[in-house]
Amino acid sequence: MEPNWQAQFIAPSFALEPAGPAPYFRREFTVDERPERATLHVTALGVVEPHLNGARVGDEVLAPGWTSYHHRLPVSVHDVTEQILTGANAVGAVVGEGWAVGEVGYSRQREYWADRPALFLRLSLEYPDRTEVIGTGTDFTCATGAVLAHSLFHGETHDARREPGGWDLPGFDDGSWTAAEPVDWDLDTLFVRTAEPIRRTAELAPAAITTSPSGRTIVDFGQNLSGRVRLRVDGSPGETVTVRHAEILTGGELDTRSLRSVAATDRYRMRGDGPEEWEPRFTVHGFRYAEIEGPFETATAVAVHSDMPRTGWFEASNELLNRLHANTVWSMRGNFVGLPTDCPQRDERLGWTGDINAFGPTAVFLYDTRGVLGSWLADVAAEQREQGFVPKFVPYLESYPSPSTALWSDVVVSLPWAMYREYGDSAILRDAYPSMTAFIRDTAETLNADGLRDSGFQYGDWLDPDAPGDDPAGGKADRYLVANAYLARTAREAAQIAAILGEQADADEFGALADRVRTAFRRAYLTEDGALSEESAAAYALALSFGLFEPDERQRAGERLASLVADAGYTISTGFAGTPWVLPALSDTGQLEAAYRLLLQTECPSFLYPIAQGATTIWERWDAIRPDGTMHPAAMTSFNHYALGAAVDWLHRTVGGLSPIEPGYRRMRIAPKPGGDLTSADLRLCTVHGDVRVSWRLDGGQVSIEATVPEGTEAVVELPLNGGTEEVAAGRHSWSYAAAQPA
Ligand code: BGC
């Protein structure tokens with residue numbers, strides 16, 4: 001049906017102030033008999049709230065979300081059969097600037113895709129013998145209303161007295177409204193949305209309402225999130241409530257430094273005729289605290305993000321660890337607002353490729369990401385085709401090429417690979433395959449005669465805590481060592497993927513590349529006695545995790561990594577590239593105790609230090625709040641950045657102990673490795689085959705394990721503390737035995 005939309009994009013014929021009033025659109029139509037089915041297709045250049053016969057349609061917010069609009073613009077579909085009336089009907093929408101028109105990214109560009117909000121709507125009425133279509137066109141009329149100002153970054157101003165009451169009902173007098181005008185837009189970009197929509201997913205009551213030293217009212221919602229505040233007020237006409245948002249307080253006052261230029265300020269002017277409830281519709285903020293000026297009765301934080309199904313849970317006998325896990329989940333929620341972003345609060349919020357590449361394996365465990373990441377990867381592929389390189393963030397906004405960088409550009413291989421391993425669907429690989437092959441071949445061309453990357457920009461071990469404040473890429477690990485280690489891994493993954501897809505010639509080509517880079521890596525970075533010539537925890541972690549040591553070198557390399565980790569006092573000495581790999585590299589080389597000491601450290605910088613500081617999300621840098629209580633001075637200091645939460649993958653795979661042997665967990669490994677002072681862990685994962693549960697308990701010298709393995713799957717169970725290995729079929733299994741060695 002998609003080619004014959006019988007509708008066009010429309011915009012108001014009057015001028016709109018940038019970030020000013022949001023246009024309302026409406027049209028009436030008559031229905032003689034009730035249709036068998038009525039379907040509303042709707043999207044916008046901007047963000048759209050559709051209405052029909054006096055009510056908003058559906059529960060999506062900020063639709064259509066953010067995609068690479070000039071390639072792919074999703075259309076939402078709503079069944080509105082029940083809302084159609086015999087006789088007169090009215091359909092319409094309010095459209096905000098959203099990402100297509102409003103400010104986006106750190107350069108705060110405006111009007112990247114369109115110069116004003118435009119609506120596209122198609123209502124089809126299906127009768128036994130015909131289908132009638134009401135499509136947007138010049139017979140729609142427009143006006144402005146209660147939304148006086150709005151911006152995703154800066155907030156919304158709503159004057160309830162200006163709402164054209166009844167505008168979405170038939171019979172409304174729209175004599176003062178003006179005809180819409182058509183907007184040129186390629187309808188081939190439209191497709192029915194495949195990702196879950198953005199919705200309101202949780203409501204949080206205030207944890208505390210206090211008065212700040214300067215006398216302001218501060219509401220603490222107890223959780224950093226992406227969303228907005230819903231107010232209940234009861235006041236006189238025009239009375240105003242202003243809500244300013246922030247992630248932290250300093251000296252008891254709202255501290256908005258982590259937002260950079262973002263105003264994150266909403267204003268509501270009351271109708272004044274009794275209790276009123278209001279929540280902004282065309283903005284989203286990253287916040288935990290709100291400073292509220294003006295009279296209000298209640299304030300509720302409403303979390304807003306892509307409504308993906310939750311699939312993975314983990315809990316252990318250590319509350320700090322549980323909070324680390326919960327913080328990771330909240331950072332994922334806050335950063336999946338339509339697409340995977342770096343942060344939800346400041347003037348950035350971009351689809352940074354490196355962040356999701358690092359976080360991918362954790363993300364695919366926690367939620368079913370096939371919809372959101374599948375859609376985003378399609379955008380990546382479209383932009384890569386257009387640009388000739390993998391953009392560093394997608395949608396891309398720059399006019400210059402992104403360099404090919406480790407962890408960022410190779411997202412086109414490693415993210416589909418992580419998704420395939422988790423969900424077992426080879427269509428994910430097939431869809432991403434052209435992106436992968438283009439990336440691998442382009443990168444192979446940049447290698448020097450030795451087979452190494454040795455020039456051009458690299459992010460290195462981004463945000464190594466020891467990197468100079470003004471050079472986050474300048475960490476301890478040599479940036480080309482990082483780049484070459486990642487390339488060896490990515491080329492190997494690409495070879496495996498090609499083989500799975502039956503592309504044997506490609507598999508041979510990529511396998512040969514992986515061998516070549518590995519050999520070159522060893523020649524360049526390994527000493528004769530099997531140590532790394534440039535030693536850092538990140539370098540050892542990557543070389544161990546990516547198979548760059550020979551089997552007989554691994555134990556020594558693991559020992560060397562453990563001693564580097566010990567030298568750092570079991571604090572974190574790695575950044576985006578290294579951090580996800582240190583814990584697995586330690587536990588895979590017999591250094592479990594060092595891994596647990598690193599995991600459970602609370603001194604700064606460490607996984608648990610922010611938790612002792614009250615963090616409710618993962619921070620961009622471990623010391624975003626420094627031990628003296630001050631905020632890190634760098635402009636890049638977000639309190640909601642999932643990238644470093646990638647380390648939580650180890651809680652799932654090693655502490656909880658579940659990993660796929662065959663993609664989609666048709667065959668799985670259950671191999672929990674207790675350690676530290678943990679006495680129990682419980683893990684649950686809804687795989688594509690059904691629920692897997694793993695629990696272990698230590699009680700004195702007694703170990704008990706329970707595992708539930710779904711129908712159609714089997715598990716290799718490695719019972720910890722020398723309980724041996726067993727193969728089990730579907731069903732519920734339990735073991736109890738005396739530990740043959742102390743935990
Ligand atoms: C973002 C990152 C991103 C990085 C790379 C930052 O501003 O927040 O997480 O990956 O830039 O340049």
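## Exercises on a predicted model

Let's start with a residue in a strand: Thr-242 sits in β18, which covers residues 240–246. Keep in mind that the model is predicted.

**Exercise 1.** Work out whether Thr-242 is buried or exposed, and find which residues it touches beyond four places away in sequence.

*Solution.* Step one: get the relative accessibility of Thr-242, which is 13%. Step two: compare that with the cut-off, where buried means under 20%. Thr-242 therefore counts as buried. Step three: look for contacts, leaving out residues up to four places away in sequence; that gives Thr-265, Asp-266, Arg-267, Glu-291, Ile-292 and Glu-293.

**Exercise 2.** Find the strand order in the open sheet of five strands, and say which strands are at the edges.

*Solution.* Step one: follow the pairing, which is antiparallel and runs β25-β28-β29-β30-β33. Step two: pick out the strands that pair on one side only, β25 (312–316) and β33 (731–738); these are the edges. From one strand to the next, the twist averages 5 degrees. Step three: zoom in on β30 (residues 702–709), joined to β33 by eight bridges. One bridge to try in your viewer links Gln-702 with Ala-738 in β33.

**Exercise 3.** Find which side chains place an N or O atom close to a ligand oxygen, taking Asp-355, Trp-408 and His-641 as candidates.

*Solution.* Step one: list the surroundings of the ligand, which include Asp-342, Arg-346, Glu-348, Tyr-459, Phe-576 and Glu-620 as well as the three candidates. Step two: check the distances to a ligand oxygen. Asp-355 comes in at 2.5 Å, Trp-408 at 3.2 Å and His-641 at 2.9 Å. Step three: look at the cover. Taken alone, the ligand exposes 310 Å², and the protein buries 93% of that.

**Exercise 4.** Track down the cis peptide bonds before Pro-64 and Pro-395, then the positive phi values at Asn-53 and Glu-111.

*Solution.* Step one: recall the background, that most peptide bonds are trans and most residues other than glycine have a negative phi. Step two: check omega. The Ala-63 to Pro-64 bond is cis at about 10 degrees, with Pro-64 in the loop between β5 and β6. Val-394 and Pro-395 are also joined by a cis bond, at about 0 degrees, and Pro-395 belongs to the loop between α4 and α5. Step three: check phi. Asn-53 has about 45 degrees and is buried at 14%, whereas Glu-111 has about 55 degrees and is partly exposed at 35%.

Technical notes: Residues numbered from 1 in each chain as written. Predicted model: local features only at pLDDT ≥ 70, side-chain atom pairs only at ≥ 80, totals over all residues. Heavy atoms only, no water. Helix = DSSP H or I, 4+ residues; strand = E, 2+ residues; numbered from the N terminus. Buried < 20%, exposed > 50% of the residue type's maximum accessible area, 1.4 Å probe, protein only. Contact = heavy atoms within 4.5 Å. Pairing = 2+ DSSP bridges. Axes fitted to C-alpha atoms, helices over the stretch in contact; angles between N-to-C directions. Near = heavy atom within 4 Å. Polar contact = N/O pair within 3.5 Å; in protein donor to acceptor, adjacent residues only side chain to side chain. Areas by Shrake-Rupley, 256 points an atom, 1.4 Å probe, with all protein chains shown as cover.
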